[in-house]
Number of protein chains: 2
Amino acid sequence: MIRARNVKNGRTRNKIQHVLLDAVIVDAAKDAPLQRQLYEELKQLILTGTLRPGTVMPSTRHFSADHGIGRNTVIAAYEQLASEGFLDTSERSRSTVANLALAKPKTIGQPIHQAPSGKLSKRGELMCSQPRQRSIPGEFAFHPGTPEIRQFPFDQWRRLMANRVASVREDIFGYHSISGYPALKESITTYLRSSRNVDCDPSRVVITTGAQAALDLLSRLLLDPGDHVLMEEPGYMGAQSSFLAAGAELHPLHVSSSGWDLDNIPDLPIKALYLTPSCQLPMGVTMRMEQRLRLLETARQRDIWVIEDDFDSEYRFVGQPIPAMQGSDPNGKTIYVGTFAKTLFPALRLGFVVLPPGMTDGMRSAINITGQYPPLVLQATLADFMDRGFFARHLRRMRRLYAKRRERFIEIARETAGQWLELQPSDAGIQTLWHLESEWRDIALAEAAADRQLNIGPLSRHFRHAPGKNGLILGYAAVEEPAVIAGFSKLCSLLQSPPGRT
Amino acid sequence: MIRARNVKNGRTRNKIQHVLLDAVIVDAAKDAPLQRQLYEELKQLILTGTLRPGTVMPSTRHFSADHGIGRNTVIAAYEQLASEGFLDTSERSRSTVANLALAKPKTIGQPIHQAPSGKLSKRGELMCSQPRQRSIPGEFAFHPGTPEIRQFPFDQWRRLMANRVASVREDIFGYHSISGYPALKESITTYLRSSRNVDCDPSRVVITTGAQAALDLLSRLLLDPGDHVLMEEPGYMGAQSSFLAAGAELHPLHVSSSGWDLDNIPDLPIKALYLTPSCQLPMGVTMRMEQRLRLLETARQRDIWVIEDDFDSEYRFVGQPIPAMQGSDPNGKTIYVGTFAKTLFPALRLGFVVLPPGMTDGMRSAINITGQYPPLVLQATLADFMDRGFFARHLRRMRRLYAKRRERFIEIARETAGQWLELQPSDAGIQTLWHLESEWRDIALAEAAADRQLNIGPLSRHFRHAPGKNGLILGYAAVEEPAVIAGFSKLCSLLQSPPGRT
């Protein structure tokens, strides 16, 4: 090893250092260009300290001659090293090795062995601690909330999308339309007014990357840490996680098969109330008008935001779809959240909110800061899809299909598993809820089912405050009859041998 | 008006009430189905209290005969009203009007006059108070950070996307792959390793809906309210907003044309440090290796997360692209954030992070809760686009185009506005920074320019702690020569008459 104290003067030191450069080998047979190879070799020598700081580099002419490399290659490598700070270039013609001795960088590609020592934030830890449902990819039986995507008119969708991709327009490909593509806001308004009785105009619609993103944005826009939120129990875990991640304190609004318990709303300054009134998740019940009006009046009196999540009311098998609660609210306290995940396909990642007047600006700011606006090409495609009637037609077709599948699903369930499962009556939705009468606890049963490639949703996971009721949430919409039979065969073989018995 | 005390018994009351029903008119010539019309008419009578609670409704047979409407139509309308809670149905055959007297709902369609009284959260107010840059849609001259989208190979993109839309596969259309489509994570890894020297494997890549979404997720995952964050000044406003929205306290890391001021890092428990080392936003300078290593060593010693935002380093006009800082970090404290907004097109809404080992799970939780995973069909299309070499080819083409445009842009700027504008030297990026020597303040000038349909970015907006320096950020990449000339003509006519002079 060559030590600094042995070096008498700069010239000698440089000569000794230059010997090290003889080891630099570049190989024209390698894939990487010579210039890149040379750059990498020199960088390693500098990074490892082999080429010492302050060393004056050979001139590009000399280096080129000594190594038989074209001079332009050497110049390019030197320039690259200089621009990254490995070499210092001054007014003089010769480059010197920069002083990088402050830290020893790792060799590129060498794995990092330590886990990162910095901790997550408290809210980061909280987000990580939220329960996540284990589910088997690609197994539709009996994944809750999964629509039949194989029946989606992808040919029409593809044509519409191709048209939109082709029309290179700044409003499709630029940074504008943060609150949503205008044509889609129009289409959604038309649809909501006629089909859901929502009080709506395009200026109050904001397009989001799905309902979950809408809930997350609303949570942050409306809730400060410690704010009280009234949340359905059992209720939608995704909403619950959003509110918790925003720092809210949750209180239960109990829901049973007979409806919402409005007599025990806690006497606290509640900031927001989360509801799925048209098809409660997971109970599947529909809120009666009397309860809707009572809740809206409570919201008015106590200044509570009502977040109406209308996630799954399109598929109603008794009567017409129930109008949204938002349309009955005279006070502008209801925020309507919708999604296309169930009506089109989940991976579309498009949802929307209808805001009370005066709140659009706030939502736009939140979207701007969080970068959560969905790709405009998908928004434009969806607008076309709705405007040309494909959306309404698809809904009608699916409603017929789901009605048949649901009936058959319930029949098979009762025939095969009727001794353990009792149906919770419901008129809507793409999933069914069954009360479980077994020594099996639903969560353990779901785990065991997942081991057999069967997806089922345990009801008790949807309880936060009270002990969870034993039940199964079973999706039927995406499952054809043979898969239904096979699924129940797996489920029954589990139910026949409860865990205590083996 | 019929008062309750005048009603002697239920039967009489019902008769009187039924007279009201004579006013119900349905019209086959209208667009809405008869059943819907009847439903709406009855609902209005109930909602307005005209049909009083407890009224026993006429039988469907009578109603049908009295009004000349088919009986099935009446049954369907009654059932719909019952399912929504407007009518009560009991064991007896006759329906009664439900008691909705608790609140008076608004008539559908009647506009809400009051603004909502509930306030936003403190963080909501904070999000709304973040400065937003006014910009004119569709005007590329001289919008900072806008790539040339008209040169994007949309034909190839469209073909690839059509293929992906056609292949209905559960991994493309399901709820899985929350951290990103596996094939895209592979493609990004290959690209980052070879082109950016990033230490990466697919398990550490998470796909986001753009860099802004990545910054927002990281802010929440890493920062608690009150945590200290060191932020470049001048710096990227989007990152600043994310940190502020997460409740962080910001401290400046000053950047000048000569680099980053590492000697004045405050002696506080800093949790995270935001950097754009390869092409500083907005200064355009590149961090030298010596500074990088010094900062990484500081980060190690003081346990600081380094967030490296590599937003605009692909377009480098001197030498090769500078490797990412992350690849030199031996301690796994650097989080690398990337985007396709500048290299492909902004409306694609795709970005990504490369996380230190062990942090992927946290990020996946955050994405799950915030619903921020991008549409899988776009992810799959992009993976194909990269794997087939289209991405690399597009980058090469754009690099040549931008080099020419940049040179010409600078020439024209100097020729026409040289007396007011002095170029900040920079080797990279799709925008240019000019120091402004004028009685105009940059913000006022940008406002006046926007009035003339010209987009320019004021430098002083990027300062938070110190008084802003006077300067203009001008995008050149998306602007062809005639538009450059026209833009400078507008700008010069403003510069010739500063506000004080008129």
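## A tour from T343(B) to the A/B interface

Select T343(B) and show what surrounds it: leaving aside neighbours within four places in sequence, T343(B) is in contact (heavy atoms within 4.5 Å) with E314(B), Y315(B), F391(B), H394(B) and L395(B). This is a predicted model, in which local features need pLDDT of at least 70, side-chain atom pairs count only at pLDDT 80 or more, and totals for chains, interfaces and linings use all residues. Residues are numbered from 1 along each chain as its sequence is written, chains are lettered from A and ligands numbered from 1 in the order in which they are written, and side-chain values use heavy atoms, with hydrogens and water left out.

Widen the selection to the loop between β9 (334-339) and β10 (351-354) of chain B, where T343(B) is found. Helices (H or I, at least four residues) and strands (E, at least two) are DSSP runs, numbered from the N terminus. Is T343(B) buried or exposed? T343(B) is buried, at a relative accessible area of 6%; buried means under 20%, exposed over 50% and partly exposed in between, with a 1.4 Å probe and protein chains only.

Next, go to chain A and select helix α15, residues 442-451. Its buried residues are D442(A), L445(A), A446(A), A448(A), A449(A) and A450(A). Add β12 (431-436), β13 (457-458), β14 (471-475) and α16 (481-495) of chain A, against which the buried residues of α15(A) pack. After α15(A) comes Q453(A), with a positive phi near 65 degrees.

Now show both chains. A turn of 180 degrees with a shift of 0.0 Å along the axis lays chain B on chain A with an RMSD of 0.1 Å, superposed by least squares on the C-alpha atoms of residues with pLDDT of at least 70 in both. This is the relation of a two-fold axis. The same surface serves both copies, since 100% of the contact residues of chain B recur in chain A.

Colour the interface: 124 residues of chain B are in contact with 124 residues of chain A. About 10800 Å² is buried between the chains, with carbon and sulfur atoms giving 60%; buried area is the accessible area (1.4 Å probe) that two parts lose on being put together, summed over both.

Finish with R220(A) and D216(B), whose side chains meet in a salt bridge (2.6 Å, N to O). The rule, a side-chain nitrogen of Lys or Arg within 4 Å of a carboxyl oxygen of Asp or Glu, finds four salt bridges across this interface. On the side of chain B that touches chain A, helix α12 (residues 360-370) of chain B gives the most, with eight residues.
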